[in-house]
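User: I am new to this structure and would be grateful for a close look at one part of it. Please set that part in its wider context and explain each term as it arises.

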Amino acid sequence: SMPKPIYSYSILIFMALKNSKTGSLPVSEIYNFMTEHFPYFKTAPDGWKNSVRHNLSLNKCFEKVENKSGSSSRKGCLWALNPAKIDKMQEELQKWKRK
């Protein structure tokens, strides 16, 4: 099976949000980003999704944003980066890349 990515969950979420066109994503798209870029998650035990949700709710770097697409039928909110924390996350990412 694939090796686990070296990055923390918060960094993986940060990458997903930074790579998105709008800067915000529903949780399902964050999962998609992770499985596409880190094949480990395709076969990993399901617990990792809980870890992602846990990080989104507790980490001050992420914030819930209103789903402005007007399709209120789609439940679930969008997640975005907290603008005040982007530099801190960017530094963190560089640290991980140097490891």
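**A close look, from the surface to the core**

Analyst: Lys 85 is partly exposed, because its relative accessible area is 28%; the term covers values between buried (under 20%) and exposed (over 50%), with a 1.4 Å probe and protein chains only. This is a predicted model, in which local features need pLDDT of at least 70 and side-chain atom pairs count only at pLDDT 80 or more, while totals for chains, interfaces and linings use all residues. Residues are numbered from 1 along each chain as its sequence is written, and side-chain values use heavy atoms, with hydrogens and water left out.

Lys 85 belongs to the loop between strand 3 and helix 5; helices (H or I, at least four residues) and strands (E, at least two) are DSSP runs, numbered from the N terminus. From Lys 85 to Pro 39 the C-alpha distance is 28 Å, with their positions 46 residues apart in sequence.

Helix 5 spans residues 86-98 and includes Arg 98. Arg 98 counts as exposed because its relative accessibility is 63%. Its C-alpha atom is separated by 20 Å from that of Asn 19, and the two residues are 79 apart along the chain. Together with Lys 88, Lys 95 and Lys 99, Arg 98 forms a positive surface patch. Patches consist of residues with over 30% relative accessible area and no salt bridge, like charges being joined within 9 Å. A salt bridge is a side-chain nitrogen of Lys or Arg within 4 Å of a carboxyl oxygen of Asp or Glu.

At the start of the chain, Ser 1 occupies the segment before helix 1. Ser 1 is exposed, because its relative accessible area is 97%. The C-alpha atoms of Ser 1 and Lys 42 are separated by 9.7 Å, although these residues are 41 apart along the chain.

Helix 1 itself, residues 9-19, is mostly covered, with nine of its eleven residues buried. Those buried residues are Tyr 9, Ser 10, Ile 11, Leu 12, Ile 13, Phe 14, Met 15, Ala 16 and Leu 17. Tyr 9 counts as buried because its relative accessibility is 19%. Between the C-alpha atoms of Tyr 9 and Asp 46, 37 residues apart along the chain, the separation is 14 Å.

The interior can now be considered. A nonpolar core is a set of buried Ala, Val, Leu, Ile, Met, Phe, Trp, Tyr and Cys residues joined through side-chain atoms within 4.5 Å. The largest such core has 29 residues, of which Ile 30, Met 34, Phe 41, Val 52 and Phe 62 touch the most other members. Two or more residues of this core are given by each of helix 1, helix 2 (27-37), helix 3 (40-43), helix 4 (47-58), strand 3 (78-81) and helix 5. Helix 1 supplies the largest share, eight residues.

Note on methods. Patches are made of residues with over 30% relative accessible area and no salt bridge: like charges are joined within 9 Å, nonpolar side chains (Val, Leu, Ile, Met, Phe, Trp, Tyr) within 5 Å. Accessible areas come from the Shrake-Rupley method with a 1.4 Å probe; for residues, only the protein chains shown count as cover. Lys and Arg count as positive and Asp and Glu as negative; His and the chain ends are not counted. The place of a charge is taken as NZ of Lys, CZ of Arg, CG of Asp or CD of Glu.
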